[in-house]
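Got your viewer open? Load the model and get your selection tool ready.

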Amino acid sequence: MITTVYQSPIGPLYIGERDGAISHLVFKPLAGEPGDTALLKEAARQLDAYFAGELQKFDLPLAPKGTAFQTRVWQMLQTIPYGVTWSYKQLAEAADSPRGYRAVGLANNRNPISIFIPCHRVVGAGGALTGYGGGLGNKEYLLQLEGVLL
């Protein structure tokens with residue numbers, strides 16, 4: 001895996017590329033070979049535009065690794081539009097697991113490509129901000145950026 005560090009308004013983000021696709025975007029350092037590929041540069045460019053409020057939909061090849069269920073949840077996360085939140089219940093229903101709120105929550109928590117796969121757009125019942133691997137303060141920042149929270 002080739003890795004880079006992106007300095008964002010919410011702190012350093014660690015991006016990994018494997019086999020020509022983004023495999024990670026996380027809040028903690030990644031093991032791998034530091035590098036600066038065309039794809040990693042494009043990921044940084046799109047993050048710049050996102051944080052500047054100029055980009056609402058990322059266009060990058062993504063290759064998260066997980067179970068079939070996790071992959072299905074992560075695919076559904078990518079359908080949540082910019083500036084919109086879903087509850088865990090809505091996500092469970094969209095992932096064809098209407099009673100699987102907890103399983104959906106665990107899959108959401110295991111998302112290896114944060115922001116690009118927008119797990120921050122999932123909230124608890126009644127819109128409550130609940131767990132986020134990058135911390136609730138960062139989740140709140142991202143939702144404010146997208147105009148969900150004022």
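Here is a short tour of this predicted model, taken one selection at a time.

**The sheet.** Start with the strands: four of them make an open sheet, ordered β3-β2-β1-β4, with mixed pairing. Colour β3 (21–26) and β4 (33–34), which sit at the edges; each has a single partner strand, so one side of each lacks a neighbour in the sheet. Now add β2 (residues 11–18), which runs antiparallel to β3 and is joined to β3 by five bridges. To see one pairing, pick R18 and look across to A21, its bridge partner in β3. Then bring in helix α1 (residues 38–51), which packs on the sheet and touches β1 (2–8), β2 and β3. The direction of α1 makes about 20° with that of β1.

**A residue in α2.** Next, select L77, which belongs to helix α2 (residues 68–77). Is L77 buried or exposed? With 0% relative accessibility, L77 counts as buried. Show its surroundings: leaving out residues up to four places away in sequence, L77 touches L91, N108, N111, I117, P118, C119 and V122. Try a C-alpha to C-alpha distance to H120, too: 9.3 Å, across 43 residues of sequence.

**The pockets.** Stay with N108 and add N109, Y132, G133 and G134: of the 18 residues lining the largest pocket, these are the closest to its centre. That pocket has a volume of about 320 Å³, and α4 (101–109) gives the most to its lining, with three residues. By class, the lining has seven nonpolar, nine polar and two charged residues.

Last stop: K57, F58, Q78, F116 and R121, which lie nearest the centre of the second largest pocket. Its volume is about 210 Å³, and its lining divides into 10 nonpolar, three polar and two charged residues.

Definitions and conventions:
Residues numbered from 1 in each chain as written. Predicted model: local features only at pLDDT ≥ 70, side-chain atom pairs only at ≥ 80, totals over all residues. Heavy atoms only, no water. Helix = DSSP H or I, 4+ residues; strand = E, 2+ residues; numbered from the N terminus. Buried < 20%, exposed > 50% of the residue type's maximum accessible area, 1.4 Å probe, protein only. Contact = heavy atoms within 4.5 Å. Pairing = 2+ DSSP bridges. Axes fitted to C-alpha atoms, helices over the stretch in contact; angles between N-to-C directions. 1 Å grid on protein atoms, 1.4 Å probe; cavity = no way out; pocket = protein on both sides within 12 Å on 5 of 7 lines; lining within 4 Å. Points joined across faces, edges and corners; volume = space filled by probe spheres on them. Nonpolar A, V, L, I, M, F, W, Y, C, P; charged D, E, K, R; others polar.
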